[in-house]
Amino acid sequence: MASHSDSSSSAGSQRRGVRNPAARATATDKYSVLLPTYNERENLPLIVWLLVKSFEESGNNYEIIVIDDGSPDGTQEVAQQLEKIYGPDKILLRPRAKKLGLGTAYIHGMQHATGNFIIIMDADLSHHPKFIPEFIRKQKEGNFDIVSGTRYKGNGGVYGWDLKRKIIRVANFLTQILLRPGVSDLTGSFRLYRKEVLQKLMEKCVSKGYVFQMEMIVRARQLNFTIGEVPISFVDRVYGESKLGGNEIVSFLKGLLTLFATT
């Protein structure tokens, strides 16, 4: 099946009957940022400040939804303080009792989201909010269903990666060979979705862990959703411990083979 990337912008526009999507008014658009957290007490105030700064400077309407999975380090208490500082209309803490997985965190967050666009990103400062205005511009320019940050295209890049993350980069390369998705970065988790598109993809995806992000793009291709890409810089976390371990890498490779066999 032919994939849909930046080159499909005109087709996506025609499909929806929009002559010039980049010129559409943005006054009614709202962006809901979903921030799944677990032990991110040090990082959360910084990422929220950067997000608020980015949205305020760009003039885009937004809300930030923190989905904390019972962090024992006081992340929820920090989120409650941020609610008081920025207001409950901008910072929404929607916790869960324990770690239940990334996919269900997005589903939980979407239930509380009032925006018509959803932005997913990591809360550990590896994804810089300064790229969000470019995501929004790219979406308007091509009327894309999804805009994905890419570390492997244009001036995108990675910094501070250890051996385990370099293995994931190799896995991303293998994915390109096996699945031919037409997108340069399948394992990234910095993306913008139309809300209804993300809802449809969540209904289709069955993977857990790090392979989940990859399956989202593969299913998007199957459903003929259009995808744009924006080069980003990925910086490994500054505070806290990485949640990427050996078991996650093995699960990723197993998931890749499963997708190859079933798509």
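Biologist: In what order do the seven strands of the open sheet come?

Modeller: Keep in mind that this is a predicted model. The sheet is open and its pairing is mixed. Strand 3 (91–93) and strand 8 (227–231) are the edge strands, each pairing on one side only. Put the seven strands side by side and the order reads 3-2-1-4-7-5-8.

Biologist: Which residue of strand 2 stands opposite Leu-34?

Modeller: Let's start with the pair of strands: strand 1 and strand 2 (residues 61–68) run parallel, joined by eight bridges. Leu-34 has a partner across the way in strand 2, and that partner is Ile-65.

Biologist: What angle does helix 3 make with strand 3?

Modeller: Helix 3 covers residues 75–86 and packs on the sheet. There, helix 3 touches strand 1, strand 2 and strand 3. Compare the direction of helix 3 with that of strand 3 and you get about 150°.

Biologist: And at what angle does helix 7 run to strand 7?

Modeller: Helix 7 spans residues 195–204 and lies across strand 4 (117–120), strand 5 and strand 7 (191–194). Its angle to strand 7 is about 95°.

Biologist: Asn-143 has a positive phi, so is Asn-143 buried or exposed?

Modeller: Asn-143 sits in the loop between helix 5 (132–142) and strand 5 (146–150). Its phi is near 55°, and it isn't a glycine. Buried means under 20% relative accessible area. Asn-143 comes out at 1%, so it counts as buried.

Biologist: What is the relative accessible area of Asn-39?

Modeller: Asn-39 also has a phi near 55°, and its place is the loop between strand 1 (30–37) and helix 2 (43–58). Asn-39 is partly exposed, with a relative accessible area of 28%.

Terms used. Residues numbered from 1 in each chain as written. Predicted model: local features only at pLDDT ≥ 70, side-chain atom pairs only at ≥ 80, totals over all residues. Heavy atoms only, no water. Helix = DSSP H or I, 4+ residues; strand = E, 2+ residues; numbered from the N terminus. Buried < 20%, exposed > 50% of the residue type's maximum accessible area, 1.4 Å probe, protein only. Pairing = 2+ DSSP bridges. Contact = heavy atoms within 4.5 Å. Axes fitted to C-alpha atoms, helices over the stretch in contact; angles between N-to-C directions.
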